[in-house]
Amino acid sequence: MGRGLSVSSWIMLSTENQLLLRELAYKSIRHGLETGKALEINIIEYPAELQAKKATFVTLHRNNELRGCIGILEPLRPLAEDIAYNAWAAAFSDSRFMPVSASELDDLDIHISILGTPEEMNFTSEDDLVKQIRPGVDGLILEKGFNKGTFLPSVWDSLTDSHEFLNHLKLKAGLPADYWSDNIKIKRYTVEEF
């Protein structure tokens with residue numbers, strides 16, 4: 001099973017459908033290089049499992065270095081459409097990186113994360129929250145007013161301590177690492193990754 005996969009909330013995609021989504025992501029990036037746009041698909045040509053609305057992230061690596069990552073937290077589009085769009089956006093619209101060039105295409109490693117439904121966490125203090133976070137399992141969404149950020153469970157590969165994970169998430173959301181308020185909202189989610 002993928003990292004953080006909860007059997008109660010997931011039916012894992014078949015290997016065939018995982019390969020279809022990877023191929024779709026690659027095609028959308030290639031299409032973007034040729035046209036400047038995400039690949040548009042006819043969703044009815046895809047298996048029913050890939051037509052369900054799901055929230056996804058597509059992460060690109062090149063030479064084991066992050067090369068782009070884009071996704072959404074709410075299921076707004078059918079799974080296959082979301083992958084096509086997010087793959088294109090990760091390659092060409094991640095503001096942290098220059099757009100992917102044709103010479104990089106064959107070196108890209110594409111990672112797909114399909115998010116489970118985020119669940120609001122209840123806690124009485126920052127220490128209580130830190131104790132509830134499941135390292136290596138939870139993705140977190142932090143919200144405080146207009147500040148918002150998320151870390152996928154894959155971030156545990158580089159931030160292995162729950163307190164450190166939370167502090168870096170605060171920074172990503174535009175808050176100081178030592179910031180705390182009883183009005184912070186935290187949701188957790190699991191992912192199916194491949």
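**Exercise 1. An exposed leucine**

Task: Classify Leu19 as buried, partly exposed or exposed, and state how far Leu19 lies from Leu129 in sequence and in space.

Solution: Leu19 has a relative accessible area of 53%, and since exposed requires a value over 50%, Leu19 is exposed. The structure to which this value belongs is a predicted model. The secondary structure at this position is helix α1, where Leu19 is found. For the second part, Leu19 and Leu129 are 110 residues apart in sequence, and their C-alpha atoms are 37 Å apart in space.

**Exercise 2. Aromatic pairs in helix α2**

Task: Determine how many aromatic pairs there are, and analyse the geometry of the pair formed by Tyr85 and Trp88.

Solution: Ring centres within 6.5 Å make a pair, and by this rule the count comes to 5 aromatic pairs. For Tyr85 and Trp88, the ring centres are 5.6 Å apart and the planes stand at 50°, so the pair is tilted. The next step places the two residues along the chain: they are 3 residues apart in helix α2, which spans residues 79-92, and therefore about one helical turn separates them. Their accessibility is then read off, with Tyr85 partly exposed at a relative accessible area of 35%, whereas Trp88 is buried at 14%.

The analysis continues from Trp88 to Phe92, a tilted aromatic pair with 6.3 Å from centre to centre and 45° between the planes. Trp88 and Phe92 are 4 residues apart in helix α2, so that they too are separated by about one helical turn, and both residues are buried. Taken together, Tyr85, Trp88 and Phe92 form one aromatic cluster.

**Exercise 3. The nonpolar cores**

Task: For the largest nonpolar core, identify which of its 29 residues touch the most other members, and state which helices and strands each supply at least two residues.

Solution: Among the 29 residues of this core, those that touch the most other members are Leu21, Ile29, Leu60, Ala80 and Ile112. At least two residues of the core come from each of α1 (15-35), β1 (56-62), α2 and β3 (108-115). Helix α2 supplies the largest share, namely 10 residues.

Ile112 can then be examined by its contacts: once its neighbours within four places in sequence are left aside, Ile112 is in contact with Leu21, Arg22, Phe57, Val58, Ile83, Glu192, Glu193 and Phe194. There is also a second, separate core of 18 residues, which includes Val130, Trp156, Ile184 and Ile186.

**Exercise 4. A buried glutamate and a buried glycine**

Task: Locate Glu126 and Gly68 in the secondary structure, and list the contacts of Glu126 and of Gly68 beyond four places in sequence.

Solution: Glu126 lies in helix α3, which covers residues 126-132, and with a relative accessible area of 15% Glu126 is buried. Beyond four places in sequence, Glu126 is in contact with His163, Leu166, Asn167, Lys170, Tyr179 and Trp180.

Gly68 has its place in strand β2 and counts as buried, at 0% relative accessibility. With sequence neighbours within four places again left aside, the contacts of Gly68 are Val58, Thr59, Leu60, Ala90, Asp94 and Phe97. A further step concerns Phe92, which is 24 residues from Gly68 along the chain, while the C-alpha atoms of the two are separated by 8.2 Å.

**Exercise 5. The largest pocket**

Task: Give the volume of the largest pocket, and describe how its lining divides into nonpolar, polar and charged residues.

Solution: The volume of the largest pocket is about 710 Å³. The pocket is lined by 28 residues, of which Thr59, Cys69, Leu152, Ser154 and Val155 are the closest to its centre. The lining divides into 11 nonpolar, 10 polar and 7 charged residues. By secondary structure, β1, β2 (65-71), β3 and β6 (147-151) each supply at least two lining residues, and the largest share, 5 residues, comes from β2.

**Exercise 6. Positive phi in a loop**

Task: State what the phi values of Asn63 and Asn64 are, and where Asn63 and Asn64 are found.

Solution: Phi of Asn63 is near 55°, which is a positive value in a residue other than glycine, and Asn64, likewise not a glycine, has a positive phi of about 65°. Asn63 is found in the loop between β1 and β2, and Asn64 lies in the loop between β1 and β2 as well. As a last step, accessibility is assigned: Asn63 counts as exposed at 56% relative accessibility, and Asn64 is exposed with a relative accessible area of 76%.

Definitions and conventions: Residues numbered from 1 in each chain as written. Predicted model: local features only at pLDDT ≥ 70, side-chain atom pairs only at ≥ 80, totals over all residues. Heavy atoms only, no water. Phe/Tyr/Trp six-rings, centres within 6.5 Å; stacked < 30°, edge-to-face > 60°. Buried < 20%, exposed > 50% of the residue type's maximum accessible area, 1.4 Å probe, protein only. Core = buried A, V, L, I, M, F, W, Y, C linked by side-chain atoms within 4.5 Å. Contact = heavy atoms within 4.5 Å. 1 Å grid on protein atoms, 1.4 Å probe; cavity = no way out; pocket = protein on both sides within 12 Å on 5 of 7 lines; lining within 4 Å. Points joined across faces, edges and corners; volume = space filled by probe spheres on them. Nonpolar A, V, L, I, M, F, W, Y, C, P; charged D, E, K, R; others polar.
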